[in-house]
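User: I should like to go through the terms used to describe this model and see how each is justified. Please set each value against its definition.

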Amino acid sequence: MKLKLIRSGGFIPVTKAAETEVHITEQELDKLLSIIRRDPAGPRIKDGTYYEINVGDTRIPVDLEKVPEKYSHIFVTLRENLKIIKNK
Amino acid sequence: MCNKHFSPVHCIIPPYMLKKLMESGNEKVAGMAARTNFRSHRFRNDRIYFQKASVMEKAILGLTSTQPGKTGMQMEVYDCKQKTDFATAVLLWDTKNTPKITSLAGKNVIRGGKASWDFYWQLFGRNSIDNQGLLIKQYIHYDKGMDNAYWDGRRMVYGDGDGTVFTSFTSDIDIIGHELTHGVMENEANLEYDNQAGALNESFSDVFGIMIKQKYIKQDVRQSNWLIGEKVLVGPKYALRSLKAPGTAYLNHPELGDDPQPATMDKFQKMPDSESGDWGGVHINSGIPNFAFYVTAFNIGGYSWEKAGRIWYGVMTDSRLASNASFEDVRNLSIIVAGEMFGTGSLEAKAVTQGWSEAKV
């Protein structure tokens with residue numbers, strides 16, 4: 001399945017995105033998301049950036065610091081490939 | 001904000017509610033409201049005096065710090081070594097032990113941190129972020145190629161940039177001043193971080209960031225280009241924001257496109273109050289109060305920090321500034337504060353009115 005990582009926010013609000021094909025089951029994905037899911041109502045960092053994962057039509061706020069070692073390579077690749085989505 | 005007031009009631013009950021309570025038929029409630037109102041007025045007058053008092057006067061009166069032995073800047077600089085765990089960051093420099101450092105980012109944040117601390121101390125007698133001598137903590141080389149700088153409530157954090165679009169976020173002194181001012185704001189009005197209050201929060205950081213730079217390089221309102229982050233965004237034609245002409249800091253940028261900031265209220269951008277919506281466009285609509293400040297400072301003339309900066313600092317530290325303030329609230333309060341400082345009808349008060357008027361607020 002396709003997994004899309006989106007980064008938003010920052011000193012100037014730049015949105016970046018990267019997509020990759022992952023070979024994990026839906027059950028695995030659900031388990032992973034339950035670990036890395038972030039509460040978007042948490043404290044607002046001034047000029048902070050935020051990560052979300054796009055699965056299908058759903059955007060899920062995530063904390064990449066919580067990614068288990070087993071899946072870290074997926075997110076390292078995604079982060080390295082983040083590209084700016086240009087302002088219209 | 002509240003910890004420095006004589007009564008916490010000042011922070012909670014806005015003037016319109018006090019007025020209502022004073023008109024209450026309940027003698028006890030009306031009495032409490034009248035006493036609170038009286039204390040509030042007295043406190044306001046004291047504050048105006050303290051804002052105008054020189055550092056020397058404040059020092060004589062013992063008003064510069066609650067910790068007289070700790071009025072000097074206290075700062076630590078840590079190297080995150082491109083990781084994201086603060087616990088493993090290495091102490092690179094501190095004010096007690098000042099080894100010669102070779103890191104350019106380290107030198108930048110020491111210089112910017114000192115310039116910011118000096119700015120608040122020399123002009124307003126403010127002893128660090130919390131006015132109580134707080135240790136300033138700065139973390140450099142955070143993450144791999146992170147193109148950002150932020151204040152997380154405890155520390156200032158800087159990335160190295162991706163090296164293509166952005167260079168190190170320590171490169172511009174105004175960015176360091178911007179982040180430190182977020183800390184000052186949290187200890188004062190603590191404006192909410194969304195919609196208009198959030199855009200004002202961002203604007204105060206930009207306004208003080210640019211003044212810290214202007215003072216550091218001794219530029220007056222005509223000499224300054226009023227650009228924030230002109231080194232961080234790679235390319236001679238680009239900067240992150242312009243206070244003089246919001247919406248023009250970068251145009252036709254190959255990666256970023258055009259600067260989306262409006263300069264006037266009729267161009268206010270309604271955006272979702274979410275992470276991806278920049279919390280209602282806090283970094284977008286800040287262009288409007290930024291422009292109001294620029295026009296004010298330019299019309300007053302001279303050095304921005306001498307009068308316009310004093311007025312804006314007066315607003316930021318005024319107990320009448322509610323945490324959910326709108327642009328109109330800050331417009332009204334800045335006109336009142338300018339009148340209290342320089343006289344109603346003074347050139348300065350007129351310049352503030354003109355500034356907000358040009359921004360169509």
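Analyst: The answers below take up confidence, a single residue, a sheet and the interface in turn. This is a predicted model, in which local features need pLDDT of at least 70 and side-chain atom pairs count only at pLDDT 80 or more, while totals for chains, interfaces and linings use all residues. Residues are numbered from 1 along each chain as its sequence is written, and chains are lettered from A and ligands numbered from 1 in the order in which they are written.

User: What pLDDT does chain B average, and where is it below 50?

Analyst: pLDDT is the predictor's confidence in each residue, from 0 to 100. Chain B averages 88, and 81% of its residues score at least 70. Over residues 1-14 of chain B the value is below 50, and over residues 65-69 of chain B it stays under 50. The model as a whole scores ipTM 0.92 and pTM 0.84.

User: Why is Asp162(B) called partly exposed?

Analyst: A residue is buried if 20 or more other C-beta atoms lie within 10 Å of its own, exposed if 12 or fewer, and partly exposed in between, with C-beta atoms placed from the backbone. Asp162(B) has 17 such atoms within 10 Å, and is therefore partly exposed. By the same definition, 48% of the 361 residues of chain B count as buried.

User: Which residues are in contact with Asp162(B), leaving aside its neighbours within four places in sequence?

Analyst: They are Gly145(B) and Asp147(B); contact requires C-beta atoms, placed from the backbone, to lie within 7 Å. Asp162(B) itself lies in the loop between strand S5 (156-158) and helix H6 (173-186) of chain B, where helices (H or I, at least four residues) and strands (E, at least two) are DSSP runs numbered from the N terminus.

User: What makes S3(A) and S4(A) a pair?

Analyst: Two strands pair if DSSP finds at least two bridges between them. S3(A) and S4(A) have five bridges, in the antiparallel sense, so they satisfy that criterion. Ile53(A) stands opposite Ile60(A) in S4(A). Both strands belong to an open sheet with the order S4-S3-S1-S2-S5 (chain A).

User: Why are strand S4 (58-62) and strand S5 (83-85) of chain A called edge strands?

Analyst: Each pairs on one side only.

User: How many residues of chain A are in contact with chain B?

Analyst: 23 residues of chain A are in contact with 23 residues of chain B. Strand S1 (2-9) and strand S3 (49-55) of chain A each give two or more residues to that side of chain A.

Methods: Contact = placed C-beta atoms within 7 Å.
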